[in-house]
Amino acid sequence: MATALFENGGAIVNLRIVTARASTTLGASVAATLACDLTACDIRPFPDGELRPVVGDVGGEDVFVIESTGPPVHEHLVELMLLLDACRRGGAERVTAVVPYLGYARQDRRDRDGEALGARVIVDALVGAGAQRLIVVDPHTTSVEAMCSVPVEMLTAVPVLAGALAATTPDDAVVVAPDLGAVKLAERYAAVLGRPVVIVRKHRLSGDTVRAEELVGDVDGRTGVIVDDMISTGGTIEAAARILRAHGAEAGMVATSHGLLVGGATQRLTAAGIARVLVTDTVTSGEGAGSVVEVHSIAHVVAEAIGRLHSR
Ligand code: R5P
């Protein structure tokens, strides 16, 4: 795809892609897909840990800043906000935050008094820093759009991951939502794979421990393909795999958009009998390499959206 151009009041506005440390590889693939050079971006940390990004000339241009906010979450969040501000102050015509994995989206409601509404705080911060539009991939909650005062483009990795699963998914397979929040996502996989959905009702005991309370659906003698928006510690998938087996099913395959894989998640999944974990390149985890983890790129999905939005 060639670099698209659009005119604004007669002036040609070029596409510019800025990418930072959390999304270097994905950003380079997106830029290559769009045949667009990456705009230079130099992140200079101070000795005390403060970040000082410097971006190249983006004056009058349509700028897409690509950075996921995976671990280390706060460093990447601040880096992204500083870059958005740098582009705005550099006179960009329009600034879009492309956040393939949007951290804090799980905090989309307050379960008890005293909690913050983390998702809202983060989208407000991105908009405050200069984002005039957001692009996200399979956010934990679609209510991000309702919380956000600027347009949100929601992309999905489901066709990529379901396509990669399709050839090896047995006819008797069921798509497993490992908690109630994953039901809609499971339905989207099920539509592509042509398999029914079963649901696990889970109870979270702590940040890394969950209990599968109940399995809704018939799985005896079948193969469960567990799908979720993200894997962090692997506790949710582990619990789902165990309850599936307790009900007579196989549970060897998992697909997730965001493989954060922290705290020994990969070993945990392997120990739980998971043989294949399909993730995308929205985040990079050091834990995945050389293991059961398969990375499928969504660069073309992000590139298509950028190309489309740029030409609007
Ligand atoms: C929560 O509802 C999410 O969709 C994931 O199920 C959860 O964040 C995964 O975390 P972990 O891998 O630590 O269980």
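This is a short tour of a predicted model, with a few selections to make in your viewer.

**Stop 1: arginine 133**

Start by selecting arginine 133, which sits in strand E7, residues 133-137. Is arginine 133 buried or exposed? Arginine 133 is buried, and it has no salt bridge. To see what lies on the other side of that missing pair, select aspartate 62 as well: it is the nearest side chain of opposite charge, 4.5 Å away. A salt bridge has to be within 4 Å, so this pair does not count as one.

Which side chain makes a polar contact with the side chain of arginine 133? Threonine 96 does, at 3.1 Å. Now show the surroundings of arginine 133: leaving out residues up to four places away in sequence, it touches Phe64, Arg94, Val95, Thr96, Ala97, Val150, Pro151 and Leu309.

**Stop 2: threonine 96**

Follow that polar contact across to threonine 96, in strand E6 (residues 94-99). Threonine 96 has a relative accessible area of 0%, so it counts as buried. Beyond its neighbours within four places in sequence, threonine 96 is in contact with Val63, Phe64, Val65, Arg133 and Ile135. Phe64 is worth keeping on display, as it appears among the contacts of arginine 133 and among those of threonine 96.

**Stop 3: the largest pocket**

Next, turn to the largest pocket, which holds about 1,400 Å³ of space. Its lining is made of 47 residues, and the closest to its centre are Arg106, Arg109, His140, Lys202 and Arg204. Try colouring these elements, each of which supplies at least two residues of the lining:

- strand E8 (152-155) and helix H6 (183-193)
- strand E10 (197-204) and strand E12 (223-231)
- helix H7 (235-246)

**Stop 4: a cavity**

How many cavities of 30 Å³ or more does a search of the whole structure find? The search finds 1. The largest cavity has a volume of about 30 Å³. Select its lining to find the place: Tyr101, Leu102, Asp138, Pro139, His140, Asp229, Met230 and His258. You have met His140 already, close to the centre of the largest pocket.

**Stop 5: threonine 39**

Finish at threonine 39, in the loop between helix H1 (24-33) and strand E3 (41-45). With 12% relative accessibility, threonine 39 counts as buried, because the cut-off is under 20%. Around threonine 39 you can pick out Arg16, Ile17, Val18, Gly56 and Val58, which it touches when residues up to four places away in sequence are not counted. For a last look, draw a line from threonine 39 to aspartate 228: they are 189 residues apart in sequence and 34 Å apart in space, C-alpha to C-alpha.

Technical notes. Residues are numbered from 1 along each chain as its sequence is written. This is a predicted model: local features need pLDDT of at least 70, side-chain atom pairs count only at pLDDT 80 or more; totals for chains, interfaces and linings use all residues. Side-chain values use heavy atoms; hydrogens and water are left out. Helices (H or I, at least four residues) and strands (E, at least two) are DSSP runs, numbered from the N terminus. Buried means under 20% relative accessible area, exposed over 50%, partly exposed in between (1.4 Å probe, protein chains only). Lys and Arg count as positive and Asp and Glu as negative; His and the chain ends are not counted. A polar contact is a pair of N or O atoms within 3.5 Å; within protein, one must be able to donate a hydrogen and the other to accept it, and residues adjacent in sequence count only if both atoms are side-chain atoms. Contact means heavy atoms within 4.5 Å. On a 1 Å grid over the protein atoms alone, a cavity is a set of points where a 1.4 Å probe fits but cannot get out, and a pocket is an open set with protein on both sides within 12 Å along at least five of seven lines; lining residues have an atom within 4 Å of a point. Grid points are joined across faces, edges and corners, and a volume is the space filled by probe spheres set on the points.
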